[in-house]
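I opened this notebook to look up how the ligand is held by the protein around it. The entries below follow the order in which I checked things.

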Amino acid sequence: MNIIDVIKTRKSCRTFNSIFLSQEDKAELESFILKNSKGLDNEIIDFSIIENKDASSELKINYGMIQGHKTFVLGTSKSTPNSRVNYGYLMEKLVLKATEMNIASCWIGVFDQTYFKEIIPEKGFEIPSILIIGYADKQSAGERLVRFAIKAHKRNDWETLFFDYQTKLPLSPDQLPKYSDSLEMLRLGPSAGNSQPWRVFFDETTNEFHFFKNPVNKKYDVMGLHEIDMGIAVAHFELTSNSKGLKGVWDKYENIQSSEDLQYIMSWRCIN
Ligand SMILES: Cc1cc2nc3c(=O)[nH]c(=O)nc-3n(C[C@H](O)[C@H](O)[C@H](O)COP(=O)(O)O)c2cc1C
């Protein structure tokens with residue numbers, strides 16, 4: 001499957017069949033984690049696959065709306081915006097690898113932080129989100145309800161998300177033929193509560209894309225979840241661009257201003 005098909009196939013799963021990953025699948029994901037632990041700025045984030053073998057201590061999520069979940073992936077980030085972006089970036093690469101292997105997943109931002117005895121963050125670190133992975137079962141009524149309530153299949157239009165940096169006018173796919181798939185695949189990404197805080201501005205004069213976070217949901221923003229969302233967007237953009245032979249480098253510029261509604265995260269400088 002190419003990355004575009006993988007991104008289009010992925011959707012959050014909230015009904016798992018309670019079966020642990022096969023040894024082969026677990027080994028393949030563990031090997032992927034080892035090879036993909038270096039993120040932006042060369043920061044290393046180590047993820048672990050944790051299986052709950054104790055049926056009496058289930059992690060309750062979404063008031064019990066998630067079912068059959070036995071296997072989690074998590075690690076720690078520094079308690080800083082950049083490190084959370086990195087956590088989202090690296091974990092989403094794993095989500096897409098799992099999707100390709102027919103393994104279902106769901107990002108979880110709201111959970112009991114004390115549940116995982118194996119991973120206790122040091123001072124200045126946190127578990128900013130976790131991932132449930134496993135094999136999907138038939139959607140439960142609860143799952144259908146959650147998906148309906150957050151309009152999980154919908155995304156904002158291009159005109160809400162992508163702009164020209166100089167004129168501030170919305171961009172359409174035909175204005176950016178080379179990068180239209182990269183932005184479209186970013187648009188299809190998952191985000192906390194489907195809040196889609198990504199805003200991207202293209203500067204034709206410098207050939208750069210500037211990524212900003214619009215803190216659309218104050219509660220998620222305080223929890224750092226929008227920074228995870230930004231990391232996911234960065235991963236989708238980069239993987240799609242690379243798959244089309246488009247190269248670039250990530251950088252963070254001192255001279256780019258943030259405002260309350262548009263907080264600067266980083267930029268992609270096109271190099272071909
Ligand atoms: C950082 C993050 C946190 C999330 N937290 C939760 C959560 O706590 N509970 C939940 O059911 N879904 C959670 N989700 C899944 C989103 O609701 C889901 O990605 C979004 O509604 C879009 O649906 P889709 O993933 O099926 O495309 C989270 C997603 C992200 C990216």
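Before turning to domains, I noted that their bounds come from an automatic or database domain assignment, and that the model I am reading is a predicted one.

Entry on domains: I looked up where the shell around the ligand comes from, and found that domain 1 (3-145) and domain 2 (158-270) each give at least three residues to that shell.

Entry on neighbours: I counted 23 residues around the ligand, of which Ser12, Arg14, Asn62, Arg147 and Arg155 come nearest. By character, the shell around the ligand holds 10 nonpolar, seven polar and six charged residues.

Entry on polar atoms: I found an oxygen atom of the ligand 2.8 Å from a side-chain N or O atom of Arg10, and an oxygen atom of the ligand 2.8 Å from a side-chain N or O atom of Arg147. For Gly109, I noted that a polar backbone atom is 2.9 Å from a nitrogen atom of the ligand.

Entry on burial: I read that the ligand exposes 620 Å² when taken alone, and that the protein buries 95% of that area.

Entry on the pocket: I checked the space taken by the ligand and found that this is the largest pocket. Strand 4 (104-108) and helix 8 (225-243) are the elements that give two or more residues to the shell around the ligand.

Terms used:
Residues are numbered from 1 along each chain as its sequence is written. This is a predicted model: local features need pLDDT of at least 70, side-chain atom pairs count only at pLDDT 80 or more; totals for chains, interfaces and linings use all residues. Side-chain values use heavy atoms; hydrogens and water are left out. A residue is near a molecule or strand if one of its heavy atoms lies within 4 Å of it. A polar contact is a pair of N or O atoms within 3.5 Å; within protein, one must be able to donate a hydrogen and the other to accept it, and residues adjacent in sequence count only if both atoms are side-chain atoms. Accessible areas come from the Shrake-Rupley method with a 1.4 Å probe; for residues, only the protein chains shown count as cover. On a 1 Å grid over the protein atoms alone, a cavity is a set of points where a 1.4 Å probe fits but cannot get out, and a pocket is an open set with protein on both sides within 12 Å along at least five of seven lines; lining residues have an atom within 4 Å of a point. A molecule sits in a cavity or pocket if more than half of its atoms lie within 2 Å of its grid points. Helices (H or I, at least four residues) and strands (E, at least two) are DSSP runs, numbered from the N terminus. Ala, Val, Leu, Ile, Met, Phe, Trp, Tyr, Cys and Pro count as nonpolar, Asp, Glu, Lys and Arg as charged, and the others, Gly among them, as polar.
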